[in-house]
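Q: Could you take a close look at one helix here, and tell me what it packs on and what surrounds it?
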Amino acid sequence: LIEIKSEAVISILIKFIEYDSYIGNKAADVLGEIKSEAAIPGLIQLLKHEKSFIGYRAADVLGKIKSEAAIPGLIQLLKYENSFVGDIAAYALGKIKSEAVIPGLIKFLEHKNSDVRSRAGFVLGEIKSEAAIPGLIQLLEHKNSDVRSRAIYALGEIKSEAAITGLIKLLKHEELSVCKRAAYALGKIKSEAAIPELIQLLEHE
């Protein structure tokens with residue numbers, strides 16, 4: 001099947017992905033090996049499947065194909081009303097890791113919908129985009145906890161010293177979970193400037 005790569009075979013494999021069992025996983029594995037762009041429309045449709053694990057299975061295949069042809073459809077799904085679908089689209093974009101999405105995602109950091117901001121922050125962290133740092137730093141003070149958490153995560157993944165000051169401020173946040181996330185991000189950046197504040201945090205736990 002991997003050698004055939006015909007559209008008929010790809011269509012059958014996409015249908016098999018919907019199987020709950022071993023067959024679904026194997027179909028996804030084969031599609032990931034084939035890496036055919038012909039599979040992209042069907043896989044994007046599967047991201048909206050009522051069973052979220054099937055959506056994530058399709059997202060993994062898109063991540064293996066790593067084609068920029070999938071990006072427009074995935075960007076649209078970031079704004080999808082169903083939170084599972086939007087999160088799965090973000091997961092797929094994070095797997096593809098294409099720099100072509102960065103300008104659009106940076107704009108999404110200012111989107112009126114907090115879920116869209118949160119997803120954009122996650123993907124930018126997966127891509128490790130330094131261009132996104134100013135926008136992500138602004139989100140460290142966002143009132144929505146998911147948006148704030150994704151921004152902290154992204155800055156930790158990017159590992160830029162430009163984020164240190166903003167993350168150190170969060171070590172004194174009233175919510176302990178925020179303090180811990182900020183501490184983890186600072187640990188990934190390996191910032192010596194944060195050491196005194198991190199010691200204080202440990203003393204207060």
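A: Let's start with what α2 hides: its buried residues are Gly24, Ala27, Ala28, Val30, Leu31, Gly32 and Ile34. Buried here means under 20% relative accessible area, exposed means over 50%, and partly exposed is in between (1.4 Å probe, protein chains only). The model is a predicted one, so local features need pLDDT of at least 70 and side-chain atom pairs count only at pLDDT 80 or more, while totals for chains, interfaces and linings use all residues. Residues are numbered from 1 along each chain as its sequence is written, and side-chain values use heavy atoms, leaving out hydrogens and water.

Helices are DSSP runs of H or I with at least four residues, numbered from the N terminus. α2 covers residues 22–34, and its 13 residues should span 18 Å at 1.5 Å a residue; the expected span is 1.5 Å times one less than the number of residues. The end C-alpha atoms are 18 Å apart, which agrees. As for partners, the buried residues of α2 pack against α1 (7–16), α3 (40–46) and α4 (52–65), with contact meaning heavy atoms within 4.5 Å.

One of those buried residues, Leu31, is also among the residues with the most contacts inside the largest nonpolar core, which has 70 residues. Such a core is a set of buried Ala, Val, Leu, Ile, Met, Phe, Trp, Tyr and Cys residues joined through side-chain atoms within 4.5 Å. Helix α6 (residues 83–96) gives the largest share of this core, 7 residues.

The other end of the story is tyrosine 22, which sits in α2 but is exposed, at a relative accessible area of 62%. Tyr22 joins Ile12, Phe16, Tyr19 and Ile23 in a nonpolar surface patch with about 500 Å² of accessible area together. α1 and α2 are the elements that give two or more residues to the patch. Patch members have over 30% relative accessible area and no salt bridge, and nonpolar side chains (Val, Leu, Ile, Met, Phe, Trp, Tyr) are joined within 5 Å; a salt bridge is a side-chain nitrogen of Lys or Arg within 4 Å of a carboxyl oxygen of Asp or Glu. Areas come from Shrake-Rupley with a 1.4 Å probe.

Just past α2, lysine 35 has a positive phi of about 55 degrees. Over at the partner α4, lysine 66 follows the helix, and its phi is positive too, near 50 degrees. What covers the buried residues of α4 includes α2, α3, α5 (71–78) and α6.

Conventions
Patch = residues over 30% accessible without salt bridge, like charges linked within 9 Å, V, L, I, M, F, W, Y side chains within 5 Å.
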